[in-house]
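Visitor: I am new to this structure and would love a close look at one small part of it. Could you begin there and then show me around the rest?

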Amino acid sequence: MEELPRLLKEQYDLIIFSNVLNELFIGEDNRVSRRIPLVGNILRTLLADDGSCIIIEPALRETSRDLLTLRDGLLRERLHLFSPCMTGDRCPALDNPRDWCHEDLLWEPSERIREIDRRIGLRKDSLKFSYLVLRKDALTLAGVLPERSCRVVSEPLVSRGKIELFLCGPAGRRLVTRLDKERTAENEVFGELRRE
Ligand SMILES: C[S@@+](CC[C@H](N)C(=O)[O-])C[C@H]1O[C@@H](n2cnc3c(N)ncnc32)[C@H](O)[C@@H]1O
C-alpha cells in the first residue's frame, strides 16, 4: 500500500479503505502513528481536490479507537472531515478509554445472505461499523445542517424515571437526559432518537 503514490499516476474522485487499515502494522504499539502518514500521503497524492475518501473499520472498541486516533492525525495533516462528525475538533470519545464511536444501521439482508446466515446460525439485523469521510476541501456535513447539530452516539439509556443519550457535536460529547415527568409533545421525539 505504501507504494501506491509512486505506482499510480492519476487522481481519484473516490478512494475507499474498507476493513483494511486495521490490518496494517497489526499488534504494533505505534500502529496508528505509522498509518497516519501512510494514509495522509496516499490522499495528498491520489485524492482529487474535490474527491472523497471513505474509511470503514470494524465497530470494535480497539479498531474504532484506532480509527478515531487516525482521524485526529489526518486532521493534523490538514485533511478535512466531511462526516460523520459534527465537529473538526479533537475526538472527545478518546478522552475515556472505555468509549468508542460506531454506527448501527438496520438492514434487510438479501435472500442469499439470509440463506448463509441460516446455515451458519448467524442473525444480523443491523450493520455495525465505524467510518470516516475525508476530503481535501472544507466541505462538511455539519456545514449543510442547522448550527449546533449533534449526532446520537449511544443507544438510548433507559433507567428508572428517565431516558438518556450521548450526543456529540461542536460542544463535545455530552450525556443528555429527559426525565419521564418532563416528557411533553415537544420533546416526544427525544425517545425516538437512535444511534445514526
Ligand atoms: C478484512 S479484508 C477486507 C476486504 C474488503 N475490503 C472488505 O471490506 O470486505 C482485509 C484486506 O486487506 C488487505 N491488506 C492487508 N494488508 C495490506 C497491505 N499492506 N496492503 C494492501 N492490502 C492489504 C488484505 O489482503 C485483505 O484483502
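Where is the place of Leu8?

Guide: Happy to help, and one thing to know before we start is that this is a predicted model. Leu8 has its place in the loop between helix 1 (4-7) and strand 1 (12-18). With 30% relative accessibility, Leu8 counts as partly exposed, because that label covers the values between under 20% for buried and over 50% for exposed. Leu8 also belongs to a nonpolar surface patch of about 290 Å², which it makes together with Met1, Leu4 and Leu7.

From that patch, let us turn to the interior. The largest nonpolar core has 24 residues. Those with the most contacts inside this core are Phe17, Val39, Leu43, Cys53, Ile55, Leu70 and Leu74. Two or more residues each are given to the core by strand 1, helix 2 (31-46), strand 2 (47-58), helix 3 (61-76) and strand 5 (126-135). Strand 1 is therefore a useful link in our walk, since the loop that holds Leu8 lies between helix 1 and this strand. Helix 2 supplies the largest share of the core, with seven residues. Val39 gives a good view of how the core is joined up: leaving aside neighbours within four places in sequence, Val39 is in contact with Phe17, Leu21, Ile55, Leu70 and Leu74. There is also a second, separate core of seven residues, and among them are Ala93, Cys101, Val153 and Cys168.

Strand 2 is worth a pause. Ser52 lies in this strand, and Ser52 is buried because its relative accessible area is 15%, where the limit for that word is under 20%. Not counting residues up to four places away in sequence, Ser52 touches Asp13, Leu14, Ile15, Leu47, Val133, Leu134 and Arg135. Pro58 has its place in strand 2 as well, but Pro58 counts as partly exposed, at 23% relative accessibility. Setting aside neighbours within four places in sequence, the contacts of Pro58 are Asn19, Asn22, Thr63, Ser64 and Ser130. Pro58 also shows how the chain folds back on itself in number and space: Pro58 and Tyr131 are 73 residues apart in sequence and 8.7 Å apart in space, C-alpha to C-alpha.

Tyr131 brings us to the aromatic rings. The structure holds one aromatic pair. In that pair, the rings of Phe129 and Tyr131 have centres 5.9 Å apart and planes at 45 degrees, so the pair is tilted. The two partners fall under separate labels: Phe129 counts as buried at 19% relative accessibility, whereas Tyr131 is partly exposed with a relative accessible area of 22%.

Now use Tyr131 as a landmark for another strand. Leu175 and Tyr131 are 44 residues apart in sequence and 22 Å apart in space, C-alpha to C-alpha. Leu175 has its place in strand 9 (residues 172-179), and a relative accessible area of 41% makes Leu175 partly exposed. Without counting residues up to four places away in sequence, Leu175 touches Leu157, Glu164, Leu165 and Phe166.

Glu164 leads on to the charged side chains. The side chains of Glu164 and Lys162 meet in a salt bridge, with 3.8 Å from N to O. Glu164 counts as buried because its relative accessibility is 12%, while Lys162 counts as partly exposed at 27%. This is one of the 22 salt bridges that a search of the whole structure finds.

Another salt bridge joins Arg123 and Asp125, with the closest N and O atoms 3.2 Å apart. Arg123 counts as exposed, at 69% relative accessibility, and Asp125 counts as partly exposed, at 41%. Some charged residues are linked further: Glu108, Glu111, Arg114, Glu115, Arg118 and Arg119 form a network of salt bridges. Among its links is the meeting of the Arg118 and Glu111 side chains, at 2.8 Å from N to O. Glu111 is partly exposed, with a relative accessible area of 47%.

Conventions:
Residues are numbered from 1 along each chain as its sequence is written. This is a predicted model: local features need pLDDT of at least 70, side-chain atom pairs count only at pLDDT 80 or more; totals for chains, interfaces and linings use all residues. Side-chain values use heavy atoms; hydrogens and water are left out. Helices (H or I, at least four residues) and strands (E, at least two) are DSSP runs, numbered from the N terminus. Buried means under 20% relative accessible area, exposed over 50%, partly exposed in between (1.4 Å probe, protein chains only). Contact means heavy atoms within 4.5 Å. Patches are made of residues with over 30% relative accessible area and no salt bridge: like charges are joined within 9 Å, nonpolar side chains (Val, Leu, Ile, Met, Phe, Trp, Tyr) within 5 Å. Accessible areas come from the Shrake-Rupley method with a 1.4 Å probe; for residues, only the protein chains shown count as cover. A salt bridge is a side-chain nitrogen of Lys or Arg within 4 Å of a carboxyl oxygen of Asp or Glu. A nonpolar core is a set of buried Ala, Val, Leu, Ile, Met, Phe, Trp, Tyr and Cys residues joined through side-chain atoms within 4.5 Å. Rings of Phe, Tyr and Trp (its six-membered ring) pair if their centres lie within 6.5 Å; planes under 30 degrees apart count as stacked, over 60 as edge-to-face and the rest as tilted.
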